[in-house]
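Subject: Structure for you to look at

Hello,

Here is the structure I said I would pass on. My notes on it follow below.

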Amino acid sequence: MSTRNWREVKGVLLDLDGVVYVGKLALPGSLEAIRRFRDAGLPLKFITNTTRRPRRRIVEDLARLGLAVGNEDVFTPAALARGLVERRGLAPFLVVHPDLREDFAGLVEGGAEAVVIGDAGAYFTYDLLNLAYRKIHHGAEFLALAKNRNFLDHDGELSLDLGGFVAALEYATGREATVLGKPAPAFFKLAIESMGLRPEETVMIGDDAEADVGGAMAAGLAAILVRTGKYRPGCEGRLAEPPSAVVDDLRAAADLILG
């Protein structure tokens, strides 16, 4: 058990898949835990590395679970990427799942390019990756929406996530991608600032030891690892320092923070 004073926590960041729900079903106790956080007056933001679904659909899926959440409460790498390419006037070359393209609709065409790679799933092809390789090789910006090793698939098994494809392009081009999702510190910083808080006042709760917990701690947050979703025994051993706490599920995390 962590010796941290949990009364110092003034805001909560929550991962979604594997923490709040798996597939289309809420995990036991997760909705009750979210209600308790809200009843206690703790600001709550959802921070996800999901790159197959647009933010609109994430909000709709949460509504179907009975959670009223606004777009401003959900932070996705695609939203961060869109803002970045808009500010720089870049034209995105998208290596993403077709469903995610709506999050990039209306951006400029022509001019300097940025390769934006997300989890395209079955839509990853050699020709698409090779075209992305050539664009990066010739100087295009290289933006990765995430770099996760794996994710919990609908059959309950771990499946290959975006990280392997990003690593392949990094190896081939000799260039390092700018990672926009977790564990990038800027991603956590954006969500924290939206609550008007400091990192030391915020806790991240997630099932991914590296992206959720390791990334949050590197950004100055407390971090709780839950034994749900993609968690596998011993995965916290990959971290440079242990999590602030390791608990069974989101309900147990709420018990720890709220007492």
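**Arg55 and its surroundings**

Arg55 counts as partly exposed, at 25% relative accessibility. Please keep in mind that this is a predicted model. Arg55 is part of helix 2. Its side chain reaches the backbone oxygen of Val74 at 3.1 Å. Leaving out residues up to four places away in sequence, Arg55 touches Asn71, Val74, Thr76, Ala79 and Asp103. Between the C-alpha atoms of Arg55 and Gly70 there are 9.9 Å, and the two residues are 15 residues apart along the chain.

**Asn49**

Asn49 sits in the loop that runs between strand 4 (44–47) and helix 2 (55–64). Is Asn49 buried or exposed? Its relative accessible area is 11%, under the 20% cut-off, so Asn49 is buried. Two polar partners of its side chain are worth finding in the viewer. One is the side chain of Asn148, with a polar contact of 2.7 Å. Another is the backbone nitrogen of Lys182, which the side chain of Asn49 reaches at 2.8 Å. Not counting residues up to four places away in sequence, the residues that Asn49 touches are Pro77, Ala146, Asn148, Gly181, Lys182, Phe187 and Ala211.

Lys182 appears again in the backbone: a cis peptide bond joins Lys182 and Pro183, with omega at about 15°. Pro183 is placed in the loop between strand 11 (178–179) and helix 6 (185–194).

**Helix 7**

Helix 7 (residues 209–218) is largely enclosed by the rest of the structure, because eight of its ten residues are buried. The buried residues are Ala209, Ala211, Asp212, Val213, Gly214, Gly215, Ala216 and Met217. Ala211 was named above as a residue that Asn49 touches. What do the buried residues of helix 7 pack against? They pack against helix 6, strand 12 (202–206) and strand 13 (222–226).

Both ends of helix 7 have something to look at. At the N-terminal end, Asp208 acts as a cap: a side-chain oxygen of Asp208 lies 3.0 Å from the backbone nitrogen of Glu210. Just after helix 7 comes Gly220, which takes a positive phi of about 95°.

**Two helix pairs**

The axes of helix 1 (residues 30–39) and helix 8 (residues 250–258) come within 8 Å and cross at roughly 25°. That angle is under 35 degrees, and helix 1 and helix 8 are therefore roughly parallel to each other. Their crossing is left-handed. From helix 1, the contact takes in Ser30, Glu32, Ala33, Ile34, Arg36 and Phe37, and from helix 8 it takes in Leu250, Arg251, Ala254, Asp255, Ile257 and Leu258. By class, the residues in this contact of helix 1 with helix 8 are seven nonpolar, one polar and four charged.

The other pair is helix 4 (residues 126–137) and helix 5 (residues 163–173), whose axes come within 10 Å and cross at roughly 45°. This makes helix 4 oblique to helix 5. The crossing of helix 4 and helix 5 is right-handed. Which residues meet here? Leu129, Ala132, Tyr133, Ile136 and His137 in helix 4 meet Phe165, Leu169, Ala172 and Thr173 in helix 5. The contact of helix 4 with helix 5 has seven nonpolar and two polar residues, and no charged residues.

**Thr173**

Thr173, found in helix 5, is one of the residues in that contact. Thr173 is buried, with a relative accessible area of 14%. Apart from neighbours within four places in sequence, Thr173 is in contact with Tyr133, Ile136, His137 and Phe142. Of these, Tyr133, Ile136 and His137 belong to helix 4. The side chain of Thr173 also reaches the backbone oxygen of Leu169 at 2.7 Å. In addition, a polar atom of the Thr173 side chain lies 3.2 Å from the backbone nitrogen of Arg175. For a sense of scale, Thr173 and Asp39 are 50 Å apart in space, C-alpha to C-alpha, and 134 residues apart in sequence.

Regards

Terms used:
Residues are numbered from 1 along each chain as its sequence is written. This is a predicted model: local features need pLDDT of at least 70, side-chain atom pairs count only at pLDDT 80 or more; totals for chains, interfaces and linings use all residues. Side-chain values use heavy atoms; hydrogens and water are left out. Axes are lines fitted to C-alpha atoms, for helices over the stretch in contact, and angles run from 0 to 180 degrees between N-to-C directions. Helices (H or I, at least four residues) and strands (E, at least two) are DSSP runs, numbered from the N terminus. Angles under 35 degrees count as roughly parallel, over 145 as roughly antiparallel, 65 to 115 as roughly perpendicular and the rest as oblique. A crossing is left-handed if the near helix is turned anticlockwise from the far one by less than a right angle, and right-handed if clockwise. Contact means heavy atoms within 4.5 Å. Ala, Val, Leu, Ile, Met, Phe, Trp, Tyr, Cys and Pro count as nonpolar, Asp, Glu, Lys and Arg as charged, and the others, Gly among them, as polar. Buried means under 20% relative accessible area, exposed over 50%, partly exposed in between (1.4 Å probe, protein chains only). A polar contact is a pair of N or O atoms within 3.5 Å; within protein, one must be able to donate a hydrogen and the other to accept it, and residues adjacent in sequence count only if both atoms are side-chain atoms.
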